[in-house]
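Let's take a friendly walk through this structure together. Please have the viewer ready and follow along.

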Amino acid sequence: MKGKHIGWIVLIAVGLSAPFLVYPVLVMKILCFALFACAFNLLLGYTGLLSFGHAAFLGWAGYVCGYGVKELGFSPELGILAGTATGAALGFVFGSLAIRRAGIYFAMVTLALAQLVYFLALQFPFTGGEDGLQGVPRGHLFGFIDLSDTMNMYFFVLAVFLVGFWIIDRAIHSPFGQVLTAIRENEPRAISLGYDVDKYKLLAFVLSAGLSGLAGATKTLVFQLASLTDVHWHMSGEIVLMTLLGGMGTVFGPIVGATVVVGLQNYGAELGQWVTVLTGVIFVLCVLAFRRGIVGELALLIKRSGIRM
Amino acid sequence: MQFSFHQQRQDLKDAMSTDYILQTRDLTKEFKGFVAVDKVNLQVRRGTIHALIGPNGAGKTTVFNLLTKFLTPTRGSIHFNSHDITHEKSAQIARRGVVRSFQISAVFPHLSVLENVRIALQRKLGTSFHFWRSAKSLDVLNGRAMELLESVDLQSFADTMTVELPYGRKRALEIATTLALEPELMLLDEPTQGMGHEDVGRVADLIKRVSENRTVLMVEHNLSVVSHICDTITVLQRGAVLAEGPYEVVSADPRVLEAYMGTEHG
Ligand SMILES: Nc1ncnc2c1ncn2[C@@H]1O[C@H](COP(=O)(O)OP(=O)(O)OP(=O)(O)O)[C@@H](O)[C@H]1O
Ligand SMILES: [Mg+2]
């Protein structure tokens, strides 16, 4: 547990100082993706379910939040709640349909459903189609904190991230999380102990989708934009990559994975097309040589050296 | 005198009506025309250790899978405590008190030994969906979990990661986890398979010990274990019941001897 406390302290220290060292919008982007990846990891790393449709929750939460704030006069906090609820509701539908399938079929059902809602996003007029939903105002948080101020927005995003991350961390280390681990480790055994595993998987799916929605809605406020990029299957793939790179099934891994990938995309921008290749190479290296991901390998190193001492 | 005689009769009658904890009627499982389990009528007497034996591929594991609904029977019915459980779901049957183990050791490798047992205990707390509650709330179960570990001699491994346990110990842990549910009926699929000589003896003793106030139905290839601890034996061959009875009777049955010819077992 000590390692975890250090992790939290580092996380908060970095979160508080980062906007003074790096371009704040970039850090906000990283925080949104980190939350998204952590939510995804709850499902992949701790339940053993590979979803290939998580973009749907991120993207649709963004549309609902954006539309609510821009067209219906929602406050930012209401927009974010609406986005989160959208993610959770979609997650319930996806989960109910996919959970009976195992392994690759599970991934295929989630992908197919995500494609379906992608085309809906493309067709519905309110999403702005190819142009997306632009010029979403950030508004005033609780009616008096002006979010158009970058630093105000930053600390709001940091707070959202920390709350979301705390919920995930708690869920992993809860009685529910214990059952999820048992299901991941040996599903038939969990059934034979009397657990209705489908119900546990469904709740995990809804939680994961809801928190992905939280990330998507927040991201929309940051960039004042909801677009097709976030519902596209590329995004579903990218989140798998971030999670694996950082270390699936580790609490902090997805944060590191998101930071590396988003950082690369940003600073590698001058490389143009090559950044995709570079990410691909890193990913391949990671899968071949560092199967536990960055944090997973580090944890192993520390554990081994600890035993030697 | 009169009264006690009457009482005895009454006891006997009670015993008769609840005599069988588990019964199957013409239980059948076909896989695309191949009959893996063929009209099996099992009757497991309460409070006994009942063995299911037979050559490889006889259908023993398939029977277990049917009894616990990991497979759906093609025909026939299953009755537990005279409830028809043929159409119930696996988890539901487990909650009724029929808990199985698996032929391949079934533990949770990346949970500690203590946590393995606690998973079985925690369902009763009714907080297993509480994702907002700290796992520390499960510590109230640690005492009971330790007792169970002691009963299989694993107390010194409580904090060990289960993946690091030797095979025999994993099987013992599996039994402790099964016992945690206080099952009325335990189904053990080859609990001594792959074990060294000493471990076999230890596990057999353990099964004998824990069977005191429950019923055990076990698949077992090791005939010395069967002869030592089992009260009744059902021999399965090509999915059908070949013989049934106490060890002395079954082992003297020429058809059983023939069925086992050429197959080498423990
Ligand atoms: N899911 C399945 N699909 C098709 N055939 C199956 C299936 N499960 C079992 N069988 C077949 O049913 C027969 C009985 O298998 P089962 O595993 O029940 O045997 P067993 O008595 O447990 O054998 P062993 O002693 O080797 O464990 C075998 O021929 C097996 O190939
Ligand atoms: Mg078998």
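What follows looks at a sheet in one chain and then at a pair of helices from two chains.

Keep in mind that this is a predicted model. A good place to begin is chain B, where six strands form an open sheet in the order β7-β8-β9-β4-β10-β11, with mixed pairing. As background, strands of a sheet pair through backbone hydrogen bonds, in either a parallel or an antiparallel manner. At the edges of this sheet in chain B sit β7 (98-100) and β11 (240-245), each of which pairs on one side only. If you ignore direction, neighbouring strands of the sheet are turned against each other by 20 degrees on average.

Now zoom in on β10 of chain B, residues 232-237, and look at both of its partners. With β4(B), residues 49-53, β10(B) runs parallel, and four bridges join the two strands. Within that pairing, L52(B) has T234(B) of β10(B) as its bridge partner. With β11(B), in contrast, β10(B) pairs in the antiparallel sense, over five bridges. Here you can find V235(B) opposite A243(B), which belongs to β11(B). The hairpin made by β10(B) and β11(B) has two residues between its strands, and R238(B) in this hairpin takes a positive phi near 45 degrees.

Next, move to the other end of the strand order. Helix α6 of chain B, residues 167-180, lies across β7 and β8 (185-189) of that chain, and α6(B) runs at about 160 degrees to β8(B).

Finally, let's see where the two chains come together through helices. How do α7 of chain A and α4 of chain B pack, and at what angle? Helix α7(A) covers residues 175-185 and α4(B) residues 113-122; the angle is about 115 degrees, with the axes 10 Å apart. The helices α7(A) and α4(B) are therefore roughly perpendicular to each other, and α7(A) passes α4(B) in a left-handed crossing. On the α7(A) side, the contact is made by P175(A), Q178(A), V179(A) and A182(A), while α4(B) brings in E115(B), R118(B), I119(B) and Q122(B). By character, the residues of this contact between α7(A) and α4(B) divide into four nonpolar, two polar and two charged.

How values were computed:
Residues are numbered from 1 along each chain as its sequence is written. Chains are lettered from A and ligands numbered from 1 in the order in which they are written. This is a predicted model: local features need pLDDT of at least 70, side-chain atom pairs count only at pLDDT 80 or more; totals for chains, interfaces and linings use all residues. Side-chain values use heavy atoms; hydrogens and water are left out. Axes are lines fitted to C-alpha atoms, for helices over the stretch in contact, and angles run from 0 to 180 degrees between N-to-C directions. Angles under 35 degrees count as roughly parallel, over 145 as roughly antiparallel, 65 to 115 as roughly perpendicular and the rest as oblique. A crossing is left-handed if the near helix is turned anticlockwise from the far one by less than a right angle, and right-handed if clockwise. Contact means heavy atoms within 4.5 Å. Ala, Val, Leu, Ile, Met, Phe, Trp, Tyr, Cys and Pro count as nonpolar, Asp, Glu, Lys and Arg as charged, and the others, Gly among them, as polar. Two strands pair if DSSP finds at least two bridges between them.
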